[in-house]
Amino acid sequence: GVCQPSTTAFRAALNAGLPVTQRFEHAYRVHYYEEAGPGYEHGKPGMDATVYAPSKDLRFLNDTGHHILIQTHYDPVSYRLTFDIYGTSDGRQVEITEPVVYNVTSPPAPIYFDRPDKPVGWIEQVDWAAGGAEVRFEYRVQYPDGEINEQVFHSNYRAWSAKYERGTMEEGGEEATTEV
């Protein structure tokens with residue numbers, strides 16, 4: 001969805017050394033922002049940015065004193081979105097610490113939803129479990145004049161249950177009674 005471009009823009013702004021003035025983490029951990037491997041080289045927990053109209057947005061500031069150009073490129077073969085930020089270098093140096101994950105919690109028990117239009121024995125997983133956790137990382141920009149801008153980003157992810165739909169229709173069209 002729309003949070004994939006906002007997460008990519010967030011990471012590009014960090015790498016460019018731009019101050020982030022508004023960022024919201026997701027409510028739940030999103031596995032594809034954390035994976036490593038082809039297409040996920042920059043996967044890191046806690047480095048996501050969700051957007052949700054009208055209240056949640058991603059905002060960063062061009063404090064370079066010059067124009068910047070933000071150019072995007074999408075490769076439909078590799079499903080890869082790239083944000084390039086171009087501008088006049090002012091010599092700033094960027095440091096981003098590795099995210100620290102703590103207070104990890106297990107996902108709650110699975111939740112089942114009855115489907116009276118499907119036969120007993122039919123089951124389909126419709127959502128996947130995610131553990132909860134807190135994550136933090138530090139972002140430091142040092143400007144050529146020696147000024148330092150430091151930001152600490154916190155994420156607090158709730159645990160999430162796997163969800164299943166299951167059939168409850170007995171042979172002959174009657175709904176079976178199920179207990180959880």
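Here are some notes on a helix, one residue, a cavity and a pocket in this predicted model.

1. Ground rules. The model is predicted: local features need pLDDT of at least 70, side-chain atom pairs count only at pLDDT 80 or more, and totals for chains, interfaces and linings use all residues. Residues are numbered from 1 along each chain as its sequence is written, and side-chain values use heavy atoms, with hydrogens and water left out.

2. Start with helix α1, residues 3-16. Helices here are DSSP runs of H or I with at least four residues, strands are E runs of at least two, and both are numbered from the N terminus. With 14 residues at 1.5 Å a residue (times one less than the number of residues), α1 should span 20 Å, and its end C-alpha atoms are indeed 20 Å apart. Just after α1, Gly17 has a positive phi of about 80 degrees.

3. Much to look at on α1 is buried, meaning under 20% relative accessible area with a 1.4 Å probe, protein chains only. The buried residues include Thr7, Phe10 and Leu14. Among the elements covering the buried residues of α1 are β1, β2, β9 (132-142) and β10 (148-157).

4. Now look at Asp48, in the loop between β1 (20-22) and β2 (59-60). Is Asp48 buried or exposed? Asp48 counts as buried because its relative accessible area is 3%. Its contacts (heavy atoms within 4.5 Å), leaving aside neighbours within four places in sequence, include Thr7, Phe10, Arg23 and Ser155.

5. The side chain of Asp48 also has polar partners. A polar contact is a pair of N or O atoms within 3.5 Å; within protein, one must be able to donate a hydrogen and the other to accept it, and residues adjacent in sequence count only if both atoms are side-chain atoms. One such contact goes to the side chain of His26 at 2.5 Å, and another to the side chain of Tyr157 at 2.3 Å.

6. Asp48 and Tyr157 turn up again in the lining of the largest cavity, along with Tyr28, Arg29 and Val30, among others. A cavity is a set of points on a 1 Å grid over the protein atoms alone where a 1.4 Å probe fits but cannot get out, and lining residues have an atom within 4 Å of a point. The largest cavity has a volume of about 50 Å³.

7. Tyr28, Arg29 and Val30 also help line the second largest pocket, as do Trp128 and Trp160. A pocket is an open set of points with protein on both sides within 12 Å along at least five of seven lines. The space in this one is about 260 Å³.

Key. Grid points are joined across faces, edges and corners, and a volume is the space filled by probe spheres set on the points. Buried means under 20% relative accessible area, exposed over 50%, partly exposed in between (1.4 Å probe, protein chains only).
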